[in-house]
Amino acid sequence: VKMLLKAFYAYALVGGLLPAPLGTGWSHFFQGCPRRAYLLYTAFLHLVFLLLLPFTFPHAMYSDSYMSRNFVLQWAFGLTSLTRIIALLTGVFQMWSRRKKLLELGEALLRHSRKCKKLEDHSEGYTHLWQRIRGLLRQQFFVLNLSVLVGTILLMHIDTNQHFSAILMVVVHVLQFIYVLVMSASIYVILLLLHWQEERVNLALQGLSSSLHHEERNALIMSGTKASKSLKILRHLFQLHAENQRLIRESFKISDLPIAMLLLKMFVTNVNLVYHGVQFANDSIETTFFTKFIGQLVVISHYWSAVLLMNIVDDVARRNAIKKGQILRQFSDLELVKREYQVELDLFSDHLRCHPVTYKVCGLFVFNKQTSLVYFFFVLVQVLVLVQFDLKNKV
């Protein structure tokens, strides 16, 4: 897990997506010269992106490529490029306008992770959780690198005249593509880390419940030392839960606009990819077996990445609270606990019920599994409309 986190950290660092580089031991952000040097590097990188923006839409793509005679393909290409640029600019804007808040969030997340790590022991539950987190990080790492590789290869095989503007267009698109992918992966890793801490708290609560039930089965009365210790543990877990919820809300608040623009970019890319798939299937676009195979990998990697992001948002915004509520209900049949312990359980349950974590995209609609399904079905509807429009033009 540590090696995978270091790899994602390196990607974000090179991409200029961090407010400052982390110090040794990942316990704090660098101060002084290293931070100033990194800010200069980030400013230079973002300036390069801005200067290269005019080369995103070369005339050759509309006159000399496979889409020169298809207005819908030209429209889809232009809109996909435009939404990618908007997502890129949103990331750049957030990096500079909320750099101080990002630093505070990063330092708070590092402190919180160290506290939650102390909950771990060598039990099977924590081992299984560690393996699950490692598997999700491996998936994201694989998908990120696969997307960069196949996207670059496909752009290099676009059938245009090999003059300077076409080559520069490929370079610009690849750089923008990589930046947006790394930005999406960075948001995913932050949310996954918060989900990991919440799962650690859930396992600790589960362990506390099992311990108290075992005590009730084997004793007529709970000892004062045991009661005091279990109450202290419960209060500590309540504090960790509340802190994690606060960090999740702060993360959604800071990254609300980038996530919204990434979702918009994914929607437009979905329409573009599915429409291209229809064109390839009915041989409207001349292609080779190799480019068709690469195109299929592009579709797979895109949807894989989208599903990973949607799942982690749903985990931290909905499923974690449901799971914790089910664990807290296991405490309801305890008979030997004192009144003070019951009051603390009621406070925990009330906080969970009255302060749910929900993510609304720019405050417009709640993002969850249901809206994700509506999102994908809406893509299919839009593609059907485009296909009908295309057929009408050919008649």
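# Worked exercises on helices, cores and salt bridges

Leaving aside neighbours within four places in sequence, Leu137 is in contact (heavy atoms within 4.5 Å) with Val1, Leu4, Leu5, Phe8, Val189 and Leu192. The model is predicted: local features need pLDDT of at least 70 and side-chain atom pairs pLDDT 80 or more, while totals for chains, interfaces and linings use all residues. Residues are numbered from 1 along each chain as its sequence is written, and side-chain values use heavy atoms, with hydrogens and water left out.

**Exercise 1.** Place Leu137 in the nonpolar core, and state which helix gives the largest share of that core.

*Solution.* Step one is the definition: a nonpolar core is a set of buried Ala, Val, Leu, Ile, Met, Phe, Trp, Tyr and Cys residues joined through side-chain atoms within 4.5 Å. Buried means under 20% relative accessible area, exposed over 50%, and partly exposed in between (1.4 Å probe, protein chains only). Step two is the core itself: the largest has 65 residues, and Leu137, Tyr188, Phe252 and Val313 have the most contacts inside it. Helix 7 (residues 164-218) supplies the largest share of this core, 15 residues. Apart from this core lies another, of 20 residues, among them Tyr126, Leu240, Ile327 and Tyr341.

**Exercise 2.** Compare the span of helix 1 with its expected value, and list the buried residues of helix 1.

*Solution.* Helices are DSSP runs (H or I, at least four residues), numbered from the N terminus. The expected span is 1.5 Å times one less than the number of residues. Helix 1 (residues 2-14) has 13 residues and reaches 18 Å from its first C-alpha to its last, close to the expected 18 Å. Its buried residues are Leu4, Leu5, Ala7, Phe8, Tyr9 and Ala12. Just after helix 1, Gly16 takes a positive phi of about 70°.

**Exercise 3.** Describe the surroundings of Gln94 in helix 4 (residues 71-97).

*Solution.* Begin with accessibility: Gln94 counts as buried because its relative accessibility is 8%. Next, a polar atom of the Gln94 side chain lies 2.5 Å from the backbone oxygen of Ile254. Finally, not counting residues up to four places away in sequence, Gln94 touches Arg99, Leu102, Ile254 and Pro258.

**Exercise 4.** Where does helix 10 bend, and which residues form the salt-bridge network that includes Asp315?

*Solution.* First, the helix: helix 10 (residues 289-329) has 41 residues and reaches 57 Å from its first C-alpha to its last, close to the 60 Å expected. Helix 10 bends by about 50° at Asp315, the bend being the angle between axes fitted to the seven residues ending there and the seven starting there.

Second, the charged pairs. A salt bridge is a side-chain nitrogen of Lys or Arg within 4 Å of a carboxyl oxygen of Asp or Glu. Arg318 forms one with Asp314, the closest N and O atoms being 3.1 Å apart; both lie in helix 10, 4 residues apart, about one turn of the helix. Arg319 also meets Asp314 in a salt bridge, at 3.3 Å from N to O. Asp314, Asp315, Arg318 and Arg319 are linked in a network of salt bridges.

Third, accessibility: Asp314 is buried, with a relative accessible area of 1%, whereas Arg318 is partly exposed at 32% and Arg319 is partly exposed at 33%.

**Exercise 5.** How many salt bridges does a search of the whole structure find, and how far apart are the closest N and O atoms of Arg246 and Glu243?

*Solution.* The search finds 10 salt bridges. In the bridge between Arg246 and Glu243, the closest N and O atoms are 3.0 Å apart. The two residues are separated by about one helical turn, because they are 3 residues apart in helix 8 (residues 224-254).

Key: A polar contact is a pair of N or O atoms within 3.5 Å; within protein, one must be able to donate a hydrogen and the other to accept it, and residues adjacent in sequence count only if both atoms are side-chain atoms.
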